[in-house]
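The following explanation leads the reader through selected features of one structure. Please keep the sequence and the model in view while reading.

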Amino acid sequence: MDDRGLDALLVYGASIYFGSDPGGPNLTYLSGYAPGCHGYVVFPRVGDPTLLVYVPSHGDNAREMSVVADVRAGNDIAGLAVARLRELELLGGAIGIVGNFDWSGTSVPLEHFRTFEQQLPNATLEIVTTWYEDLRLLKSAEELAFMRTGAAICDRTHEALREMTRPGVTDNALHNEVLRLAHELGGRIPFSH
């Protein structure tokens with residue numbers, strides 16, 4: 001962020017594929033939490049990050065799961081992001097906006113962007129999703145270990161799926177067993193769509 005001249009990042013995340021995926025990989029990378037709907041991480045260059053969750057009743061779950069200590073929930077997450085930038089005294093800062101993921105060609109919902117433009121008239125807003133993802137894709141030894149653990153969970157659930165598949169076993173039963181086993185092995189994200 002120093003090299004890029006950014007004071008803060010607004011990292012957006014949203015689930016896709018009807019909730020059967022982790023959603024928001026850029027947000028999840030920083031927070032350890034996959035949003036059920038929308039979410040942001042306000043990540044200042046100086047100061048602590050804040051996770052913003054769209055559904056108020058998801059706040060407690062996000063607090064339990066996230067590595068980010070400051071979790072706030074509310075239906076106006078764009079407004080919550082602006083409020084956090086105000087607390088950080090960054091209303092006139094250089095703000096990098098990170099979209100859900102780069103290959104979609106989108107950054108954040110239009111309504112959110114308009115809120116940022118209107119409520120941050122002295123800020124410089126820059127879409128930096130590609131830059132962020134280029135950094136995120138460089139993996140540390142710790143990240144590689146997590147990826148190996150996740151791959152082992154995935155391998156085990158596929159093996160269970162293969163073992164359980166036979167005439168008369170419903171798709172629902174297969175799906176439920178894959179999720180049960182993934183969670184038993186320490187996985188948190190529903191997958192098996």
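**Aromatic rings, cores and a buried serine**

With a relative accessibility of 7%, Y12 counts as buried, because the cut-off for that class is under 20% relative accessible area. The model in which this residue is seen is a predicted one. Y40 is likewise buried, its relative accessible area being 0%.

These two tyrosines lead to the aromatic pairs, of which a search of the whole structure finds two. In one of them, the ring centres of Y12 and Y40 are 5.2 Å apart and the ring planes stand at 55 degrees, so the pair is classed as tilted. This pair links distant parts of the chain, since Y12 belongs to strand β1 (residues 8-14) and Y40 to strand β2 (residues 38-44), with their positions 28 residues apart in the numbering.

Y40 also pairs with F116: the centres of their rings are 5.8 Å apart and the planes meet at 80 degrees, so this pair is edge-to-face. Here too distant parts of the chain are linked, as Y40 lies in strand β2 and F116 in helix α4 (residues 110-119), 76 residues apart. Both Y40 and F116 are buried. Through these ring pairs, Y12, Y40 and F116 are linked into a cluster.

The discussion now turns to the nonpolar cores. The largest nonpolar core has 20 residues, and those touching the most other members are L10, Y40, V42, L85 and F116. Two or more residues of this core come from each of β1, β2, α3 (77-87) and β5 (94-98). The element that gives the most is α3, with five residues. Residues up to four places away in sequence aside, V42 touches L9, L10, D48, P49, T50, L52, A81, R84, L85 and L88. A second core, separate from the largest, has 16 residues, including L30, Y33, L51 and V53.

Two of those residues reappear in the surroundings of S66. Not counting neighbours within four places in sequence, S66 is in contact with S31, Y33, L51 and V71. S66 is located in the loop between α2 (59-65) and β4 (70-73). Is S66 buried or exposed? Its relative accessible area is 11%, so S66 is buried. Its side chain takes part in polar contacts with backbone atoms. A polar atom of the S66 side chain lies 2.8 Å from the backbone oxygen of S31, and the side chain of S66 also reaches the backbone nitrogen of V68, at 2.9 Å.

Definitions and conventions. Residues are numbered from 1 along each chain as its sequence is written. This is a predicted model: local features need pLDDT of at least 70, side-chain atom pairs count only at pLDDT 80 or more; totals for chains, interfaces and linings use all residues. Side-chain values use heavy atoms; hydrogens and water are left out. Helices (H or I, at least four residues) and strands (E, at least two) are DSSP runs, numbered from the N terminus. Buried means under 20% relative accessible area, exposed over 50%, partly exposed in between (1.4 Å probe, protein chains only). A polar contact is a pair of N or O atoms within 3.5 Å; within protein, one must be able to donate a hydrogen and the other to accept it, and residues adjacent in sequence count only if both atoms are side-chain atoms. Contact means heavy atoms within 4.5 Å. Rings of Phe, Tyr and Trp (its six-membered ring) pair if their centres lie within 6.5 Å; planes under 30 degrees apart count as stacked, over 60 as edge-to-face and the rest as tilted. A nonpolar core is a set of buried Ala, Val, Leu, Ile, Met, Phe, Trp, Tyr and Cys residues joined through side-chain atoms within 4.5 Å.
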